[in-house]
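Hi everyone, thanks for coming. I'd like to walk you through one protein model today, so have a look at the screen and we'll take it piece by piece.

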Amino acid sequence: MAQERITWTSRIGFVLASAGAAVGLGAIWKFPYMAGTNGGSVFVLPFILLTFTVGLALLIAEVVLGRLGKGGIVTTYRRLAGPAFLPAGYLGVLTGFLVLSFYSAIGGWTLSYFCEALVGQGLITDQSQLGAHFGEFTANPVLALGFQWLFLLLNGLIVAFDVTKGIERVSKILMPLLFFMMLAIIIRGLMLPGAWAGVEFLFKFDPQAFTFSALLQAMGFTFFSLCVGCGCMMTYGSYLDDKTNVLRSCSWIAFLSVIASIMGGLMIMPSVFAFGLDPTAGPGLTFITMPAVFAQMPMGQLFAVMFYLCLAVAAITSSVSMIEILVSYLVDEQKMSRPKAAVLSTIALAVVGILPCLSFGLLSDVKMFNGRTFFDVFDFFTSNLSLPLGGLVILYLAGYTCWDRVKNTAPEKWQWLLKLMLRVFSPILVLVVLISGLI
């Protein structure tokens, strides 16, 4: 029997915490460069459509399973599906652990760039110098590890408190702050001459630019952006009371996730086009191209501070959801106190996180599995294998094993559509992402 479990104090607290988990660095760091390298609108429009269909169905499934199981992913699988599904639960915990191991390295980069912006450093127009500066920082083990551990420490402090006093309270402050700062940067960027070309790049649909690769990338980013597949939303759903309307709450989460991604694109692309820089710069768009933008922009230091603070806030609101997977497992299954579980999780992440963090420096020559660094291996395993597999398990449990209880999430006249999404369309798309990623 499920034990009494603490619940969110309000629906808005759950929505903001879950939206924070979904938004993350994906919206500001990953979405703009993926849109830039995949044809702009031919990536953006399929992403929006997929989010409000198959992505929303998978999000609902994961949240409902968590609320039914009243526990983290391992506890929920054992209660709802029996011991046979425990390996899938452990895979979810491992996935969250590995994701945060390399995600925290990027989180450290955001803290470093925020500190540099505060003191006016790093605002250089020459992108080759910026690239060299970025390379020197990531190759410096003291700086790279120091900021990564600072980032993990902030996460550990937040989850050491119970959910309502830690994650919920922080999300209620940081998420509105994040959207406010993003809006301010967007308005400033749109005022630049030539900025509208960046807006057209994101939203003016060009059928001739369509590629199957862009569609595959949009599918993959849909699941990444909603933070589904590893048990994060399942854990958050376990703190949800039985009166909350899951369909409405998940719709808000999906909406805020899409809005944040679009705002992330609008924060970057108009300014990039206004200064004639390369929108297809890839992952370096945020850390190499944008400092060149701020160096040329009036009051550039102020907007650089706001931009990198946005990145840091987004990184923390999503990373706390991943460390919560570990903490919840230790509390539910190993009967640890929450502070002890938070300390143990933080230390373990700091130790294992050394490998991906130093992949850009001391360990850059250590390659495996077709020339991949530790960072690449962690990313490939979670993004291309464990997250899609986790999504398939969730879809099976929600669409078949627990369907009689999951169906009540939707109004009776729409239950057939939810069943179709859970049993047909979502599994097909997840399989496509899984197979294409492995190939």
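Let's start with a single residue: in which helix does Ala61 lie? The answer is helix H2. Keep in mind that what you see is a predicted model. Now, is Ala61 buried or exposed? Ala61 is buried, and its relative accessible area is 0%. If we leave out residues up to four places away in sequence, Ala61 touches Ile394, Ala398 and Leu422. So much for its contacts; here is a distance to try on your own screen. Go from Ala61 to Ile185, and you move 124 residues in sequence and 35 Å in space, C-alpha to C-alpha.

Okay, let's zoom out. How many helices and strands does the protein have? There are 18 helices and zero strands. The C-alpha trace spans about 60 × 50 × 45 Å along its principal axes. For 439 residues, a compact globule would have a radius of gyration near 22 Å, and this protein has 21 Å, so the two agree. Of those 439 residues, 59% count as buried. On the outside, the protein exposes about 17,100 Å², with carbon and sulfur atoms supplying 68% of that. And if you take the contacts with a separation of 6 or more, 80% of them are between residues 24 or more positions apart.

Next, let's pick one helix and look harder. Helix H9 runs over residues 212-225, which is 14 residues. From its first C-alpha to its last it reaches 20 Å, close to the 20 Å expected at 1.5 Å a residue. Which residues of H9 are buried? They are Ala214, Ala218, Met219, Phe221, Thr222, Phe223 and Ser225. When you read a list like that, one bit of background helps. An α-helix has 3.6 residues a turn, so residues three or four places apart point the same way. And what covers the buried residues of H9? The cover includes helix H1 (11-37), helix H2 (41-69), helix H11 (246-274) and helix H18 (415-438). You've met H2 already, as the helix where Ala61 lies.

After H9 comes Cys227, in the loop between H9 and helix H10 (232-237). Its phi is near 60°, a positive value in a residue other than glycine. Cys227 counts as buried, at 12% relative accessibility. Lys70 gives us another case: its phi is positive, about 50°, and it isn't a glycine either. You'll find Lys70 in the loop between H2 and helix H3 (73-81). Is Lys70 buried or exposed? Lys70 is buried, with a relative accessible area of 18%.

Since we've landed on a cysteine, let's talk about disulfides. A disulfide is a covalent bond between the sulfur atoms of two cysteines. How many disulfides does the structure hold? Zero. Take Cys230: the nearest cysteine sulfur belongs to Cys227 and is 4.9 Å away. A disulfide needs the two sulfur atoms within 2.5 Å, so that pair doesn't qualify. Cys230 is buried, with a relative accessible area of 5%. Cys310 is in no disulfide either, and its nearest cysteine sulfur, that of Cys115, is 15 Å away. At 0% relative accessibility, Cys310 counts as buried too.

That's my tour. Who'd like to go next?

Terms used: Residues numbered from 1 in each chain as written. Predicted model: local features only at pLDDT ≥ 70, side-chain atom pairs only at ≥ 80, totals over all residues. Heavy atoms only, no water. Helix = DSSP H or I, 4+ residues; strand = E, 2+ residues; numbered from the N terminus. Expected span 1.5 Å × (residues − 1). Buried < 20%, exposed > 50% of the residue type's maximum accessible area, 1.4 Å probe, protein only. Contact = heavy atoms within 4.5 Å. Rg over C-alpha atoms; globule rule 2.2 N^0.38 Å. Areas by Shrake-Rupley, 256 points an atom, 1.4 Å probe, with all protein chains shown as cover.
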